[in-house]
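Please open the structure in your viewer and keep the selection tool at hand. We will go through it stop by stop, beginning with the whole chain and then turning to single elements and residues.

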Amino acid sequence: MRFYSAIVCVFLACLTISFGAVPDPPRSGKSSLHFPNSNDYIEFEWKWSRWERNSREFFKDVECKNMCNGGKHLTHAQCDQSCDTPCRTLHKTDAEGFYTGGSWDEEQAIKGMLQTFGVPQAEGYARGLPFQLTEIALGGYDPSKVKVNIQVPCWNTKPCSTSKKAPEMAIYFCEMKLTMVRLTPIEGREPVRTIGPSVTYEPFMGVPTGDLITVSEFTSCRCQLFYKVSGLLPDNEDKTEVAMGTENGQTRPLTGEELSECEFAITHNDMNSANIVCTAAPDNLESILIPAGFELDCMSGGGQDTILADRAELQCPFDQNKSRIPPPPTKVRTLCIEMKKPEPTPRMRYRLMPPSSLGFLGLAEMARDSRFRGPWDQTRMWIATDYATYDQIREVLLPPPAQREYVRELKNCVQKGALNPSNEQVMKLMRREFLLEGVLDAESVTWLADYRLGVDADFIAFLKKDRGAYEHVISQRDGVAHIGALLASLCKASEFATAIWIARDAVPEQYRADLVASDGVARLAGRLTTTENAEEATAILDIIEGYPAPTPALFALNVRDSLPSDVRMRAKEYVATLAEGE
């Protein structure tokens with residue numbers, strides 16, 4: 001194989017980029033990967049190019065928020081910030097580069113190509129291959145090493161609104177074409193070269209420019225009871241939600257004037273549900289629909305505010321003997337958004353308000369749309385509203401969430417934009433100890449490990465502190481997937497020495513076979529195609545030796561020619577064990 005070390009030189013000078021400056025794209029190239037015990041191989045070539053417009057860093061948004069207090073204007077058009085609590089925050093965030101590779105769709109496309117060409121164990125070879133192809137195309141450049149810290153003063157001057165900005169990212173796409181080739185040996189002649197099917201693979205990477213770009217505006221007016229989202233939805237379409245009214249069987253948005261005529265009697269028995277009655281409404285309305293995400297505000301401030309986790313369909317008062325008769329109450333599921341206040345009681349008075357936060361709205365809609373309900377819905381909300389720790393939630397919520405559920409919902413809060421991981425309070429919630437205290441789902445492990453690798457200078461030392469923790473984790477159900485995801489994150493961050501230590505020295509031998517078959521060791525074995533360090537290559541072979549698996553064997557067959565002959569011979573011997581096991 002030929003590798004393009006010049007690509008590394010292109011980027012090393014760009015690791016300390018100035019605001020607004022972005023590096024040139026990596027160079028084009030081509031290479032090949034040969035399959036074990038076969039005359040088949042993949043030829044692949046790639047070309048990087050800069051996208052014509054920049055994108056954003058997801059999950060690192062900053063919000064400049066003018067909070068409407070309501071009760072001053074009839075319509076939002078009259079609002080002039082006199083009804084707002086203005087934002088007075090020095091906004092801080094950070095960003096780092098990233099690259100993609102190894103999605104399920106990409107693996108399936110490659111697997112299909114291998115199966116079409118009759119390659120044995122196609123599924124095993126496809127695992128981890130897209131990511132390794134991306135790393136080869138990057139030529140040693142790691143965009144995650146490009147990091148910026150950003151501080152900006154308030155910028156939003158619009159009433160009753162939140163303006164959200166995110167770090168700007170320069171995006172680079174890689175057009176990669178993979179082609180199957182088979183060499184059929186013929187005695188006394190040159191081998192016949194057969195060209196097989198091809199697939200295209202398009203990884204990409206992002207590098208922060210140091211600037212911010214506006215990603216959405218969220219208007220939440222408590223004077224008129226409506227909210228509007230601009231710029232965040234697909235195709236930048238606006239989304240506006242108000243109370244809806246039904247008139248003569250037709251549903252339409254209520255106007256500000258109609259809403260001003262509506263009155264609601266709201267009572268809470270507890271934080272989990274509310275009873276709402278429409279006690280007054282315009283004569284022409286038959287019913288009113290309140291969307292999930294609207295909030296119930298305790299008027300005295302002495303009880304917990306809540307948020308609707310379902311739509312509330314309310315019947316309007318009806319005429320009987322020329323008098324307006326209130327309809328029966330509608331029971332609606334709610335979630336608490338103020339953990340530390342007293343729980344609602346029937347004696348507390350509540351009023352209806354639009355969502356105070358786009359992030360809270362997203363979490364409420366997530367609860368509304370979920371097929372399964374449980375303590376994780378309330379856990380998710382308290383993490384976002386109160387920066388609640390796992391121990392704090394476990395003390396007050398019955399039944400309490402499992403620790404893996406807490407970490408999963410913490411991840412959901414960040415990915416829904418309800419929390420910014422650059423916030424110091426959020427950083428404290430994202431404890432590195434979660435990774436070794438119990439089993440998490442693989443996505444949560446990847447998310448948390450990637451985060452700690454980016455911000456925690458002592459993270460590697462922490463991982464090596466307690467060898468016994470790895471036996472505790474991997475011996476449990478889904479423990480192999482947990483450790484495998486951790487290894488994959490370490491490899492993505494080029495922390496190969498730590499990944500080797502965990503897989504070879506910390507994980508007991510009895511779990512090695514299952515671990516070698518995981519995506520994490522597949523990623524680690526991919527290092528064999530790029531490393532020129534004989535000691536590192538030997539350590540990786542120590543891990544996989546005796547446990548033949550397709551993807552490690554694929555990478556072992558394609559080790560660097562510059563490695564010592566005894567290392568290359570050992571890699572070939574490992575490949576031979578795959579054939580023996582077939």
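Begin with the whole protein chain, coloured by pLDDT if your viewer allows it: this is a predicted model, the chain averages a pLDDT of 88, and 93% of the residues score at least 70. Select residues 1-20 next, where pLDDT stays under 50, and where the model has 47 contacts beyond four places in sequence.

Now return to the full chain and switch to a cartoon view, in which the secondary structure comes to 21 helices and 26 strands. Along its principal axes the C-alpha trace spans about 105 × 50 × 45 Å, and of the 582 residues in the chain, 53% are buried. If you count the contacts with a separation of 6 or more, 73% of them are between residues 24 or more positions apart.

**First stop: a residue in a strand**

Select Thr162, which is found in strand S10, residues 161-186. Is Thr162 buried or exposed? Its relative accessibility is 8%, and it therefore counts as buried, since the cut-off for that label is under 20%. Show the surroundings of Thr162 and, leaving out residues up to four places away in sequence, you will find that it touches Glu63, Cys64, Lys65, Asn156, Ser216, Glu217 and Phe218.

**Second stop: a turn of the backbone**

Move to Leu225, in the loop between strand S12 (204-221) and strand S13 (226-230). Leu225 is not a glycine, and yet it has a positive phi of about 60°. With a relative accessibility of 14%, Leu225 counts as buried.

**Third stop: an open sheet**

Select strands S16, S15, S19 and S22 together, for they form an open sheet of 4 strands in the order S16-S15-S19-S22, with antiparallel pairing. Strand S16 (250-253) and strand S22 (312-315) stand at the edges and have a single partner strand each, so one side of each is left without a neighbour in the sheet. Averaged over the sheet, and with direction ignored, neighbouring strands are turned by 25° against each other. As background, strands of a sheet pair through backbone hydrogen bonds, and they may do so in a parallel or an antiparallel way.

Look at the pairings in turn. Strand S15 (residues 244-247) and strand S19 (residues 287-290) run antiparallel and are joined by 3 bridges, and here you can select Thr246, which stands opposite Ser287 in S19. S19 also pairs with S22, again in the antiparallel sense, over 4 bridges, and Leu289 stands opposite Glu313 in S22. While S22 is selected, compare its two faces: Ala312 and Leu314 belong to the covered face, whereas Glu313 and Gln315 belong to the uncovered one.

**Fourth stop: two loops between helices**

Select Leu398 and Pro399, and look at the peptide bond from the one to the other, which is cis, with omega near -10°. Pro399 lies in the loop between helix H8 (390-396) and helix H9 (403-415).

Then select Ser494, whose place is in the loop between helix H15 (479-492) and helix H16 (496-506). Ser494 is not a glycine either, but has a positive phi of about 65°. At 41% relative accessibility, Ser494 counts as partly exposed.

**Last stop: a pair of helices and the loop that follows**

Select helix H20, residues 550-557, in which 7 of the 8 residues are buried, so that the helix is largely enclosed by the rest of the structure. Which residues of H20 are buried? They are Pro550, Thr551, Pro552, Ala553, Leu554, Phe555 and Ala556.

Add helix H18, residues 519-526, which packs with H20 at an angle of about 0°, the two axes being 8 Å apart. H18 and H20 are therefore roughly parallel to each other. Where they meet, Ala522, Ala525 and Gly526 in H18 contact Thr551, Pro552 and Phe555 in H20, and by class this contact has 4 nonpolar, 2 polar and no charged residues.

Finally, select Arg560, in the loop between H20 and helix H21 (565-581). Arg560 has a relative accessibility of 16% and therefore counts as buried. Add Thr531 to the selection: Arg560 and Thr531 are 29 residues apart along the chain, and their C-alpha atoms are separated by 7.0 Å.

Technical notes
Residues are numbered from 1 along each chain as its sequence is written. This is a predicted model: local features need pLDDT of at least 70, side-chain atom pairs count only at pLDDT 80 or more; totals for chains, interfaces and linings use all residues. Side-chain values use heavy atoms; hydrogens and water are left out. Buried means under 20% relative accessible area, exposed over 50%, partly exposed in between (1.4 Å probe, protein chains only). Two strands pair if DSSP finds at least two bridges between them. Axes are lines fitted to C-alpha atoms, for helices over the stretch in contact, and angles run from 0 to 180 degrees between N-to-C directions. Angles under 35 degrees count as roughly parallel, over 145 as roughly antiparallel, 65 to 115 as roughly perpendicular and the rest as oblique. Contact means heavy atoms within 4.5 Å. Ala, Val, Leu, Ile, Met, Phe, Trp, Tyr, Cys and Pro count as nonpolar, Asp, Glu, Lys and Arg as charged, and the others, Gly among them, as polar. pLDDT is the predictor's confidence in each residue, from 0 to 100.
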